[in-house]
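Trainee: Could we take a close look at one part of this model, the arrangement of the strands and what joins or packs on them? I'd like the cut-offs along the way, please.

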Amino acid sequence: MNADDTPTVSLLYREEIRGYDFGIGHPFRGDRFRLFNKVLSELFPEDNRYRLIKSDPATVDDLLLICEEDYVAFTMEYFGTGNLGNGILDRFSQYHSGDNYPTSRPLKVEEAGRYIVGQGKKACDLIMNGDYTKAISIGGGLHHATRNFGEGFCIYNDIAYCGRYLAEHHHLDRILILDTDAHAGNGTAAYFADDPRVLFIDMHQDPNTIYPSSGFIDETGEGKGRGYTINIPLPAGAGDSSFDLVFDSVVLPVTEEFKPQIIIQNGGSDPHSFDELTNLNLSLEGFIRMGEYVSRMAEVCDNRLISLITSGYNLSILPYTWLALISGLINETVDFSNINPEFHIKIQDPVYEDTKKVVEQVKSTHKNIWNCLR
């Protein structure tokens, strides 16, 4: 809090984002946002601890910073109108994978996607203009989309937009993106593979065991960007101790050495042990500690932090893990004592020794670039 008690944290969200919903039976539904907002209002109301802010949707020109024109045109036509005729369905696989295929008419998905990118843009401006030090975008973190292909429930990559916008509009040349989603951020990695202005650190479940089957240790970037992609594939079953080890041994030291001007973090609840699509074992308290680690990272850059939160596929735990992460990010305490006791269960970390081996492999792979890993 500032001396005048003005919040230093902005939380970006508007109801239109609930339209990011692929339909009944699909793993990604818009009711996640309704459930989170209910828990947020009950357990952590605004009360001058943060400021709720709405943003405008991204324009087509905004989208062209990260997308090919024909991809935007198709995506707006298909998801924006729900027009399944005129051969448009025949072209779907040219621009999107099957997991982006909606189970009902997709009238709001594309519009909501533009609002999500708009929130990312607003977050960048709020921080770079000095209005806030931390900005949290609820609905952000669509890390599988690329310039001309959408997959993994992602149509527009707001993380990539933030990175590009900060580099090209705000002229930053040391941007750190930390992906803590259980799935590797293959789309984000593709955007910045050859860009040394952006350090991309991605901690995720072993890609041998989970979508998208990329994010291996030896994927380190290309050309001038070689060494600026650091993949940390955690063994299935990794829990709190493994996450602590990765932060202490790799993420924090590299952050100190890189000295970013801003940090972008994305990830939601899917590393939790209850998640239905993943196999990691982070506890609710582990999410709080993850947020605290990211907050410590941001001390390097005067606390400038953007967090993008949307993933998770068990809606019973999702609102609480999102809030736990946020509480750690902004150094505020939330009382979780009255929630389902099962949500507090901490599973022993059965693969901690395997995580140690992963950390040593990461250090060996990157020691020629990063002095702190030698």
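Mentor: Gladly! Helices (H or I, at least four residues) and strands (E, at least two) are DSSP runs, numbered from the N terminus. With those labels, Pro212 can be placed in the loop between strand E5 (198-205) and E6. Do keep in mind that this is a predicted model, where local features need pLDDT of at least 70 and side-chain atom pairs count only at pLDDT 80 or more, while totals for chains, interfaces and linings use all residues. Residues are numbered from 1 along each chain as its sequence is written, and side-chain values use heavy atoms, with hydrogens and water left out.

Now to the sheet itself. Eight strands form an open sheet with parallel pairing, in the order E2-E1-E3-E8-E7-E4-E5-E6; two strands count as paired if DSSP finds at least two bridges between them. The edges are taken by strand E2 (51-53) and strand E6 (229-234), each having a single partner strand, so one side of each is left without a neighbour in the sheet. From one strand to the next, the twist averages 15°, an angle that, like the others here, runs from 0 to 180 degrees between N-to-C directions, using axes that are lines fitted to C-alpha atoms, for helices over the stretch in contact.

For a closer view of one pairing, follow strand E4 (residues 175-179) alongside strand E7 (residues 262-266): they pair in the parallel sense over five bridges. Opposite Ile175 you will find Ile262 in E7. Packed on the sheet is helix H10 (residues 318-329), which touches strand E3 (134-138), E7 and strand E8 (305-309), where contact means heavy atoms within 4.5 Å. The direction of H10 makes about 175° with that of E8.

The loops deserve a look too. Most residues other than glycine have a negative phi, and most peptide bonds are trans. Back in the loop between E5 and E6, where Pro212 sits, the peptide bond from Tyr211 to Pro212 is cis, with omega near 5°. Another loop, between helix H9 (284-298) and E8, holds Asp302. Although Asp302 is not a glycine, its phi is positive, at about 55°.

So, if you are checking backbone torsions around these strands, there are two spots to inspect: the cis bond from Tyr211 to Pro212 and the positive phi of Asp302.
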